[in-house]
Amino acid sequence: MRIKIKSDQNPHPVRLACLPKALLTLIALASLVTQISPSSAASASPATPVNPVIKYDIGYDIVSPVHALHGMVASEQGLATQVGIDILKRGGNAIDAGVAVGFALAVVLPNAGNIGGGGFMLIHDVKSGKDVALDFREMAPMRATRDMYLDQSGQVIPGKSLYSHLAVGVPGTVAGLSLALNKFGTMTLSDVIAPAIRLAEQGFEVSPHLASILDAERDHLGAWESSKAIFFKNGRPLLAGEKLVQKDLANSLKLIAKDGPQAFYQGSIAKKIAAEMAKHQGVIGIDDLNNYKVIEREPVKGNYRGYQVMSMPPPSSGGIHIIQMLNMLEHFPIKEQTSNSAQNLHLMTEVMKLAYADRSEYLGDPDFFKVPVKALTSTAYADELVKKINADHATPSAQIKPGNVTPYESDQTTHFATADQHGNVVATTYTLNLNFGSGIVAAGTGITLNNEMDDFSVKAGTPNAFGLIGGDANAVAAYKRPLSSMSPTIILKDGKPFMTTGSPGGSRIITTTLQTILNVIDHGMNVAQATITPRIHHQWMPDQMRAERGISVDTLRILELKGQNLKISPAMGRTQIIQIGVDGFDGYSDPRNPDGKTLGY
């Protein structure tokens, strides 16, 4: 007897004797099921064979987001994300989870997560019905002066605003996270810090990604014994698979959990930070820490194609310029141009140039300088700016000057997001500035200190570490907050949360966040696809359009013909994004950081 087993590759009969017993059993069962089918049992006539239609192509998505019903957390480190999800599962709200993630990242993402830096938190609070922008940006110390980074001939002293104790601004993270929890959370500070303490005390395995960063910052960290004691082993940076244990940081976190922010700004931690400064000719004293204040600000708001866009106001430049660029882009058929077409990328680049030119002139700390927020975010001003855009050819940056707003006036950072089933949404971006900030750990605290003073314009017209140029609006002054590009953003639809996003990346934060918004709203991408799509960046000066790999060579050639000065760049930004819908939450962590993770429940 023969059974014919046919395929495209093998149409020939196969002898039963050649087959294993298990396969013979399956064949027999399959034959029996075929013979006793519902159609043959119901009819005396022979069953007509039916070939089922198998549909393999059931959707257009190339990559799918994480989906959950009750809540979601997205951050740049999976251990911190898990901390946030655990808080939500215990009944905490999005603010509780956000604060817990912030403290956890200070342990498990030591190059950017911090309690020795500062940042911004945007909160959509259901209970109060308020949208709040918390400004816990670092401040210049009382003894800071305008020319503190210049030599006698008025030239910038290399590295002084980056890798010395004079580079450190008064940290704001502990005050900011504590205030958020106190006003909008439901849990105690000791509850939300407890996971971070465990991670610091017990340690965690260094990932290949973190190991590569530690190796890249070998000289930076190796300059300070207090830093080497934590991040080095046997005279070299920790390797992948080795454990990073931070006992001093755990002790500092325990003090904060017990005594609140007073431990950091007035207690033993403050005294150790001040002693570190005094030992190395820094200018931060106990009074500077005592006098630090978080500021509650009104978010900047705009509208784009029926969505309400809400982001961080000054001293962030991000929110203003995201809204300003969206106002300009609404004049163009972005959807019809399709994502990353030559015309689409050209128009985005020209819009970016105009916005960043304004950044150089009009943005600074609003407590020291009148920032024309209303003008810069007005649609009337955007109407005038788009008249300067040539759809066929790039305008050289040298020909672009900051616009006249008078008629309209009335790298390394990290971002994380949380959302809960009640409708609360939190978007937070905080930073040490560059990887590991100043590289200095305040002895006895385990706290890595920022180098945020470089975000001031240390000399008018001189680029900072990210190539950004500023003027008097962002000059150094005592207790002033440096200008930032951090752009935590929440988007509403009909007054309800629709999406939250943001990114690290220095000057690229603003354009990264912009493109993510366009990918979802204009191009209809899910949040995963919106995240992985290649990005571009232009910041007016230098006159250079940076592009990630993955944009077609044909498109790049057309852009060059339009006069764009192209440069293929390393990956830009690392977004964390959550979308909220009637069926739950969709989220995604940017694979540009392999340690990032989004979780829901």
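Two strands count as paired if DSSP finds at least two bridges between them. The model shown in these close-ups is predicted.

**View 1. Strand 19 pairs with strand 23.** Strand 19 (residues 496-501) and strand 23 (residues 576-581) run antiparallel, joined by 2 bridges. M499 has Q579 of strand 23 as its bridge partner.

**View 2. An open sheet has 7 strands.** The strand order is 3-24-23-19-18-13-12, and the pairing is antiparallel. Strand 3 (66-68) and strand 12 (300-304) form the edges. Each has a single partner strand, so one side of each lacks a neighbour in the sheet. From one strand to the next, the twist averages 20 degrees.

**View 3. Helix 14 and helix 19 pack on the sheet.** Helix 14 (residues 318-329) touches strand 12, strand 13 (307-311) and strand 18 (489-493). The direction of helix 14 makes about 20 degrees with that of strand 12. Helix 19 (residues 509-521) touches strand 12, strand 13, strand 18, strand 19 and strand 23. The direction of helix 19 makes about 135 degrees with that of strand 19.

**View 4. Strand 4 is largely enclosed by the rest of the structure.** This follows because 5 of the 5 residues of strand 4 (residues 71-75) are buried. In a regular strand, side chains alternate between the two faces of the sheet. Both faces of strand 4 are covered. G71, V73 and S75 are buried on one side, M72 and A74 on the other.

**View 5. Strand 4 pairs with strand 14 and with strand 25.** Strand 4 meets strand 14 (residues 412-420) in the antiparallel sense over 4 bridges. Here M72 stands opposite A419. The pairing of strand 4 with strand 25 (residues 597-600) is antiparallel, over 4 bridges. T598 in strand 25 is the bridge partner of A74.

Notes. Residues are numbered from 1 along each chain as its sequence is written. This is a predicted model: local features need pLDDT of at least 70, side-chain atom pairs count only at pLDDT 80 or more; totals for chains, interfaces and linings use all residues. Side-chain values use heavy atoms; hydrogens and water are left out. Buried means under 20% relative accessible area, exposed over 50%, partly exposed in between (1.4 Å probe, protein chains only). Axes are lines fitted to C-alpha atoms, for helices over the stretch in contact, and angles run from 0 to 180 degrees between N-to-C directions. Contact means heavy atoms within 4.5 Å.
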